[in-house]
2 protein chains.
Amino acid sequence: MLNEKTVSHSVECGDCPIRHRAVCARCESDELERLEEIKYYRSFEAGQTVIWSGDRMDFVGSVVTGIATLTQTMEDGRTQMVGLLLPSDFVGRPGREGSAYDVVATTDLVMCCFRKKPFEALMERTPHIAHRLLEMTLDELDAAREWMLVLGRKTAREKIASLLTIIARRDASLKLQTPKGSMVFDLPLTREAMADYLGLTLETVSRQISALKRDGVISLQGKRHVTVPDFGRLLEEAGDDSDGGMLA
Amino acid sequence: MLNEKTVSHSVECGDCPIRHRAVCARCESDELERLEEIKYYRSFEAGQTVIWSGDRMDFVGSVVTGIATLTQTMEDGRTQMVGLLLPSDFVGRPGREGSAYDVVATTDLVMCCFRKKPFEALMERTPHIAHRLLEMTLDELDAAREWMLVLGRKTAREKIASLLTIIARRDASLKLQTPKGSMVFDLPLTREAMADYLGLTLETVSRQISALKRDGVISLQGKRHVTVPDFGRLLEEAGDDSDGGMLA
DNA sequence: AAAATTCTTTGACCCAGATCAAGTGCGCGA
DNA sequence: TCGCGCACTTGATCTGGGTCAAAGAATTTT
């Protein structure tokens, strides 16, 4: 009976179509069951704000479908995106009261949330989950620092190429159909959102995308559907030597 | 006897003149004693590299005295500083093999290190320490994202002012002698290092510092010793609404 | 289907900050 | 005391990306 439960519970918690990154492969059935007890779903429409910076945040959770962004805004309206949340990404700051950023749905969004207090209690009792959370936070820290290099030292063209490589790498739809080095995916962001991520204006984003298209680095079907014939070439354009494990 | 040990061990581990941020106020004597067993000191001269990006890193630790930086470098030499390590700051990535960044001593530096394997083992057994590490990593993540706003959206003058507020807030020497809103501290970085932190050139850094001096926001004694007559004014110049708990 | 709204592209011009190039001043070893 | 080197400053000029403006393309509303 115990054995049966252990087997029937996979790492995917319950009915979520994603693998919760807060849950590790070593987590066992009773931990997953406790997670089931405190979880619930929330849906948002494109453009809706999930939570405002400074607001009390009484949940943590993962993106199930859709895209959300973390942004910071100055009083005069300048905004900087500091994080991009794709399906399976974790949101929330265990041990912290409020949100440090605005979290905004840029597409229709479904999140799988866990009530924060019981989640923290579960974390206290479950070293696996606490460890997994530290892992994830270290990953986010690496990503943030990588992005500091992009923001501080790369040219507009390199910035665009860097963003495209990140989206390409994370996009689920491409795992199958790549005829050797080529990639196809959809841009989940408007030109303005890309600009806010890259520290540019939307006009510059548009111009640089046109330039990459003109130079054959990418091609576009419509405004959002991107084809990358040679991913290695895109990496070069990004000024990025590492391939992030996608090639070779 | 147990009680005596608990009392005699303060949060400061052994003979370190700093409070290790990896150690929390709730840690008890036996945990601290195990830390004592695996700790050792390392000294570096100004300019020396503590560890290269990608190298195997078999320790974690805290800065005791001096300043170190975390930097990323592109193949063509463009450099971005992604972290500034002041006394008590933690270095190291529990659970990770190598260093993701170059760590460089910018002044003479003393670090208190713990051998990584036993530290990780201690972490496994000691939820306090694992929790403290998650706290610290979340702090670093907040700092990195705050810096993304600086890099992506602030002007050169605002960038300089932002850096000065950060250094001023962390500088130990000023806790005492502030005649109401004023601050005195030493710049621990060369103009070039500041430029690498801010995504600017050293010439622009120099010019903007001169401009802030001309406008009475700061004054300099020598090249490095800074006086800020009105910290609130400096915060305005940084485009920063929050005071980070230093005022009011 | 026409109209309104939103997203995107492209052009013309401008400016903050980069680049190139001298200097200045201080500390340190001979 | 000299002079060498390094950190810093300042000037002149250039340019990548911002700003302002206008006009497509999509999508939604009426």
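**Two chains, two DNA strands: how do we know?**

Student: Which residues come nearest to DNA strand C?

Tutor: Of the 17 residues around DNA strand C, the nearest are A:Arg191, A:Ser206, A:Ser210, B:Ala156 and B:Thr204. They count as near because a residue qualifies when one of its heavy atoms lies within 4 Å of the strand. A quick word on the ground rules: this is a predicted model, where local features need pLDDT of at least 70 and side-chain atom pairs count only at pLDDT 80 or more, while totals for chains, interfaces and linings use all residues. Residues are numbered from 1 along each chain as its sequence is written, chains are lettered from A and ligands numbered from 1 in the order in which they are written, and side-chain values use heavy atoms, with hydrogens and water left out.

Student: What makes A:Arg207 a polar contact of DNA strand C?

Tutor: An N or O atom in the side chain of A:Arg207 sits 2.9 Å from a base nitrogen of the strand. A polar contact is a pair of N or O atoms within 3.5 Å (within protein, one must be able to donate a hydrogen and the other to accept it, and residues adjacent in sequence count only if both atoms are side-chain atoms), so this pair passes. A:Ser210 reaches a phosphate oxygen of DNA strand C with its side chain at 2.8 Å, and B:Ala156 uses a polar backbone atom, at 2.8 Å from a phosphate oxygen.

Student: Which contacts does DNA strand D have?

Tutor: One of them joins a polar side-chain atom of A:Glu203 to a base nitrogen of DNA strand D, at 3.2 Å. For phosphate oxygens of that strand, B:Ser210 comes to 2.8 Å and B:Arg224 to 2.9 Å.

Student: Why is B:Lys154 called buried?

Tutor: B:Lys154 has 8% relative accessibility. Buried means under 20% relative accessible area (exposed is over 50%, partly exposed is in between; 1.4 Å probe, protein chains only), so B:Lys154 is buried.

Student: What is B:Lys154 in contact with, leaving aside its neighbours within four places in sequence?

Tutor: Contact means heavy atoms within 4.5 Å, and B:Lys154 has A:Met74, A:Arg78, B:Leu149, B:Lys159, B:Ser162, B:Ala238 and B:Gly239 on its list. A polar atom of the B:Lys154 side chain is also 2.7 Å from the backbone oxygen of B:Ala238. B:Gly239 is 85 residues away along the chain, yet its C-alpha atom is 7.9 Å from that of B:Lys154.

Student: How do you know that B:Arg153 forms a salt bridge with A:Asp196?

Tutor: Their closest N and O atoms are 3.0 Å apart. A salt bridge needs a side-chain nitrogen of Lys or Arg within 4 Å of a carboxyl oxygen of Asp or Glu, so the pair qualifies. Between chain B and chain A the count is 14 salt bridges.

Student: How much area is buried between chain B and chain A?

Tutor: About 4300 Å², with carbon and sulfur atoms giving 54% of it. Buried area is the accessible area (1.4 Å probe) that two parts lose on being put together, summed over both. In chain B, the residues losing the most area to chain A are B:Arg145, B:Met148 and B:Arg153, together 19% of what that side buries. As for contacts, 45 residues of chain B touch 45 residues of chain A.
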